[in-house]
Structure formats: C-alpha cells, structure tokens
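Here is a short report on one protein and its ligand. Look over the sequence and the structure, then read on.

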Amino acid sequence: MDMDDASFAVRGKDIALLQRIEERVLWLASWTIHNANHLRDSRDSLKVGGHQASCASMTTLMTALYFAALRPQDRVAVKPHASPVFHAIQHLYGRQTIDQLQRFRSLGGAQSYPSRTKDIDDVDFSTGSVGLGVAMTAFASLTQDYLAARGAVKPDAMGRMISLLGDAELDEGNIYEALIEACKHDVRNTWWIVDYNRQSLDATTSDRMFTRYGEIFEAAGWTVVTLKWSKRQREAFARPGGAALQAWIEHAPNDLYSALTYQGGGAWRERLTADLADDRPALKLISAYADDELALVMTELGGHCLETILEAFETAARDDAPRFIIAYTVKGWRLPFAGHKDNHSGLMTPTQIAEVRSRLGVVEGEEWDMLSGLADNELKAIRRLVETAPFAARKDGRRVAEHIATPSAGTLLKAVEGGGEQSTQAAFGKVMFEIAKGQDQFAGRVVTTSPDVTVSTNLGGFVNRRGVFHRRAHEDVFKRHRIPSAQVWTMGETGQHVELGIAENNLFIALAALGLSAPLFGERLFPVGTLYDPFIARGLDALNYACYQDARFLLVATPSGLTLGPEGGAHQSIGTPLIGMSQPGLDSYEPAFADETAVLMAHAFERIQAENGGATYLRLSTRVIDQPVREGDAWTAGVVAGGYWLKAPAPDARLALVYCGAIAPEALAAFEQLLEDEPGAGLLAVTSPDVLHSDWTAAGRARWTGGQARVSTAEALLSALSREAQLVTVIDGSPAALSWLGAVRGQAVRALGMESFGQSGDLPDLYAKYRLDADAILDACADLLI
Ligand SMILES: Cc1ncc(C[n+]2csc(CCOP(=O)(O)OP(=O)(O)O)c2C)c(N)n1
Ligand SMILES: [Mg+2]
C-alpha cells in the first residue's frame, strides 16, 4: 500500500462511530473479565483475574489502531494484560466467539495473555512475559527486511511491526538490548506505542524517568512522538487561564495526579482552586466547568483522544522510520477505579459494572452483544466501518510456506567423513561449511545468527561463504587492504548471517522471529543460532518465549560443561541438560561424535518444517576425541531416538555404563577395564536424555490413559539387561539428567556428573578432581557390584 492509504486519520465523520466502538470494546473486555470472576462457577478458591484497569487505559489506542490504521500485513504484539481488549476487537471482526470469551481464562477458552498457539483469533505475537513482545517486533521487522532483500516480501506488502506496551514494561532491560540491535541493523517499520498511564502493578511509576525515555530512543535514532494532550485539552488550554491548567498537569507528580483522577471533579476543583488562587483567569476557567467537565479537561489525555492518536498514526505512516510513541493515558479510564494506585488487579463490583453498563448504553441481559442498544442507523454505520476497515481484509494471519527439501543425514555425514579425531563443535562447523557450498533452495534459506561468538562457535566458515546480512552493504576493509585473515566479513543484503551484539536475549528473540518466518511471512527460513552453552541461562526467558510461540530453529550451544577446561568455572554449564529436558517445544541432544552431530543436524532441519516438529538444541564441545568406526547405519536411528548400544550387553550382564556427550572417552576407557571383570557389560550411548525421557513418560501416559500401548526407547534399550543389572551413568552436567534411567526398569544406579562449580584446568586434572574420569566411573561400578 502506498502512503495515500494513510488518509485514515481524517475520516472525521467516522470519529463518533469509532468512539462508540471504543466504548463497546471497553465494555466487552470489562464484561469478559467480570464474567470470569463474578458470574462463572468457580470450583477452586483461586482468583481468576484479568485486568480491567489495564484494558481500559489502552482501549482508545487499540480502537484507533485496529479499526483505522492497521493493514492486513501489519503485525502486533499486544500488552499481555490487554488481551481482553484484543479479543473484543477480534470479536467485532467476527474472528473471536462469545463462547471463547465466556471461557476467558478457563480451559479451552480465550487465553489470559494473547497466544499464537492457543487462541483462535489470529494472534500475531504471543505476549506474557513483559518486554519480550516489544523486542519481538523489532526482530520480526529485521526478518521482514531479510526476506524483502531476497524479493520474498514485496515492497508494497511490507508490514509494520507494532508493539503496544505498558509504561512499567519500559523497565525491562531486554527492551534496550533490542533497541541497540535495532539501531545497528537499521530496523524500520517498527512502532512501539506506550500506554503511558504512569502506573505499574504495585504503584505509580517514578517521575524521574519522565522525559528520559524519549531521550533514550532519540539517541538510538528513533522518531519520538509524544501524545500528551487530547483535542479537548488543547482547546481548553487555549482559553484564558488554560495555560495554568496545562502547567499544573505538567508539573504535577504522578501520584498526586493519579489520586485526584481517582477522586474526580470535586477534588480537582478544590485542589486547583487552592493551587491557582492567585491566577484570576484560571479560577474563572475552572469555575466555568461543571465537576465532570473539569475532570475531563484534567484527565482526558492524548492517549484517550482518537483524533490525536489517528493524526499521529497518519503522520507516522508516511515513512518507515522506527517510532516510539508515548501516549499519555489513565489507568482504568472511564471505570470507577481510574487512577487508583491499587487498580492493577482491581475488579469492578457487580454494582459498579452495572453502572458502567447503563452509562455505556448496553441493555441489561444483552451484555454479550457488543452492539446492544444502538439505533439501527448507527448499527449499520458501525458494521460498515468495521467491514471496510483496512484490517478487515486480513483473511488468515497464519501464512503457509512452501515445503523445502532438506539435506539427508547421508549428505551431511559426508562433511565429517574420515573419522580420526574431531570435536562435535568442529563437526558442526564442517557441516555448516558444506551447506554453504550448496546451490539448492535449502542452502539459500539457512540463516545463521550469533551474539558475537560466530567465530568461536565455528560458524566462521559459513559466514565466509555466505556473507553477513545488512541492509547497507559494507566491504571487508581488511580484505581490501590484503591483510591476511581467516574471516571475510562482507556485509550486504544477500548475506545470510545476522551478527548480533553480546546480548543472548536478542539471540533468542531473533530466533523466535526468524523461526516464525513461515507463518508470519509465508517464507521458510532455517535459522541456526550459536552461543556458549552457559549463556543459555542469560536468555532463558526469551528461549522459552520462542518455544512458546512454536518458533522453529536449530540452537547450537558450545562449548559446554567442565569440558571447556581452561575456560573455567564462570563459563561452565551444569544445568543446561536439565533445561533441555524441561523446555517444551525444544528437543535437546548432546552428541559425543562428529557423525552423530551431522545426523542430528539433518534431523533438526527436518523438524523445522514438520507439522509436529519444533526447535532443536545441540549441546556441543570443543573436545577433540577419537571417532568410532561404524558398521552399517542402524546406529543413526538410535542417535535420533536418544540412545543406542555402542556395545550391547550379554544377556547375563550385571552392569552397563551409560554416558552422554564429550565424556565418552572416559566412559570408553572405564569400559575397557571393566570388561576384564565383567565381560558381559554393556556400553550405552545416550544422545538425548531429553528425548529418551519425554518418550518414556509419554509411553507410560499412553498406557495409563488407554492410548496406544508401546514400548518406549528407554525401555526397549534397557530390556537388553536383566532387571537385576545395574547402571552407572555419566554426563558432563547435572547427574539428574541420566539418573532417572534407573526408574525405567527398577535398576540400581550410580550417577556421575557435575554438582559444584568447576575451575580452570586441563581435562585430566579437572575430570579427576570432579570425579568424571575413568577411575571415578570404575569406583561407581565397584560400589554397585560389591
Ligand atoms: C517479566 C514479567 N515480570 C512481571 C510480570 C507481572 N506483571 C504483569 S503486568 C505488570 C505491570 C505492568 O505495568 P505496565 O507495563 O505499566 O502496564 P499497565 O497495566 O499499567 O498498563 C507486571 C509487573 C510479567 N507479566 N512479566
Ligand atoms: Mg502502566
């Protein structure tokens, strides 16, 4: 659409209709929450909740956005607790059912916070953990730019990525990490619209940041727009004495302003009359207003004025500069607890909501009818406005992308052929380098990203071949000056690597956006992100956020565990195998060998497109170890399923060793010695505690709930042993990742792993000190056998 379409702001005759819509959106959102808390049967003592005050402060903004400014290709991250407003708007568009609203916050009903995967009404971005949805829009815009540079999104189909956020949300540091990255990547088509009601959950927010937010965004090159005053206020302030009222509001502390807002017209009059006692014109103006009018003049701020908002949107739509729009609002606007500092979780009483209902003209008994009580002509006009709003043309926000052939395990295995000594991290690099050579569709759709650890996680080879993505081309100056370097960093629109600053949160949000390119933009990308394993914790909420939205990507975390040796305790990860096990939407693997890594990469790329697929996490290592000689390729299925017998046990074996990951040589060494006493012992290679465990619990659940009876992989593997046989498990991470294996068939276990912070050292010293070496494994075996 070209800029002429931005004329939405001046359809003056529609303002009255939009105001009516706004009222009814406020009504349905409030009623939905009221129903869930006061009318619906409750079977437990839990408060249902919902945020009537937070909804009310954003209703004007969302009405202006959804019924005038938003185009089908635009995407919105809605402030989580304004979810009822979103659902009410979608209902008016015919995309949300009353049944869902009646079941708001109950099983199968509309979600408390907008959810891409669970709500039926076409949520663009899930929200819930404040701050993440904001960042998401910047990275979605970057993803759009990436696709546009390839002609996959046409210039006239480019959407705006819009975040509607609360002012207290601005305290979340991840917003500024994203802002910095957005600045570096010259992100455009992004609007962050702040519902500036100066209240958080606990209290009124600090005055000291008053003008600072705008300064921060201006410094980052964004266009800052402040919608402070409504049309009503601008008119009032232009009258004799009006400037004093304006100045009073300007200088009032947030808490005082909020308190008077709550108290209403009488309190305003008393306070203003006292404070402006020397200002005759001001006193005259104040006395010219009835209490209600005075309250409106003082509190109907810019964010509650459709004309003001639409004008700002119209201006903003004229170019693609990123915009930070601060809309001044009142929390609980039009509701009885407006401005009260405790209103965040406040719910209207039945009497209060009845008063609001009749004030808004909704007929008693017709509460679920959004347009109840309206005259025929107004009804028709509203229907027409909704039908002809640009956003009405959106058919289904969930786009479908063409299926792309991904490389087979056999193809990727070629990159790591030759056995010898290798590390899983180097193997990953080799496979990526091989992919970079490819001329097929798949190779062109792989996009890598890393928070300043591209080179040290072995992505360098891929980047040398495929270049760094940036909207503005930049030559590698070192190359031009013929300075030898293993890394060529040519930047430009065709680059396939998104280089990020050291902010792991951004990595995960970038993966969320790139990993949703198919449903958001109808184009499949295969995102591969790398970071050091311990720093998963740094971005964990964002990783969870990506998975919650069903984003598809391959995450490569390397190096990991104590095995990173000289890097020391501060870089060592202990709990990440458990994170992998407990994170829905993410299958985690820890291969020991190069060929396993290649097989798992092929599997991960396949899962990116699979209907019931997901994201994959590979926990890798820089440790160079001897590679096994394989016979046949039956082992590859075991690698994907989570484990396989590297050496099958004899039927009468008393013991098996179970190992996972880079600690394999210690397990093998111990195993060789063990065979002297226990010739029938087995050696079980576990590539994924996560997949084994979830498969085991799922199989059990299916049996108990009358589902399909099947034997889980873990049960099948361990049934090679008698029930009396015992297990020693070892992993360079929390021993809890493997100790559960004993429960599968009721076998005794000794579990080795890391349970304290490590330190710098070489591997023989470290493995000895932290009891991960062959001696420790044999000690554990002896303990079981004695
Ligand atoms: C990461 C995170 N921490 C805490 C919360 C709980 N929480 C939800 S809303 C909120 C306050 C939000 O205030 P603001 O952003 O100003 O929104 P308002 O309700 O005032 O519009 C808090 C602390 C959350 N959802 N996410
Ligand atoms: Mg707030």
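## Polar contacts with the ligand

This is a predicted model. Start at ligand 1. In the side chain of Asp167, an N or O atom sits 2.6 Å from an oxygen atom of ligand 1. Taken alone, ligand 1 exposes 580 Å². The protein buries 76% of that area.

Two other side chains can be described in a similar way. Lys79 has a side-chain N or O atom 2.6 Å from an oxygen atom of ligand 1. For Ser54, a polar side-chain atom lies 2.6 Å from an oxygen atom of the ligand.

## The shell around the ligand

How many residues surround ligand 1? There are 18 of them. Those that come nearest are Ser54, Lys79, His81, Asp167 and Gln199.

What classes make up this shell? It has 9 polar residues, 6 charged ones and 3 nonpolar ones.

## A nonpolar patch on the surface

Now turn to the surface. Val477, Phe478 and Ile483 make a nonpolar patch there. Its area is about 260 Å². One of these residues, Phe478, belongs to helix H21, which covers residues 477–480.

## The whole protein

Step back to the overall fold. The protein has 34 helices and 20 strands. Its radius of gyration is 30 Å, and the globule rule gives 28 Å for 786 residues. The two values are close, so the protein is as compact as a globular protein of that length.

What box do the C-alpha atoms fill? Along the principal axes, the box is roughly 100 × 70 × 50 Å.

Methods
Residues numbered from 1 in each chain as written. Chains lettered and ligands numbered in written order. Predicted model: local features only at pLDDT ≥ 70, side-chain atom pairs only at ≥ 80, totals over all residues. Heavy atoms only, no water. Near = heavy atom within 4 Å. Polar contact = N/O pair within 3.5 Å; in protein donor to acceptor, adjacent residues only side chain to side chain. Areas by Shrake-Rupley, 256 points an atom, 1.4 Å probe, with all protein chains shown as cover. Nonpolar A, V, L, I, M, F, W, Y, C, P; charged D, E, K, R; others polar. Patch = residues over 30% accessible without salt bridge, like charges linked within 9 Å, V, L, I, M, F, W, Y side chains within 5 Å. Salt bridge = Lys/Arg side-chain N within 4 Å of Asp/Glu carboxyl O. Helix = DSSP H or I, 4+ residues; strand = E, 2+ residues; numbered from the N terminus. Rg over C-alpha atoms; globule rule 2.2 N^0.38 Å.
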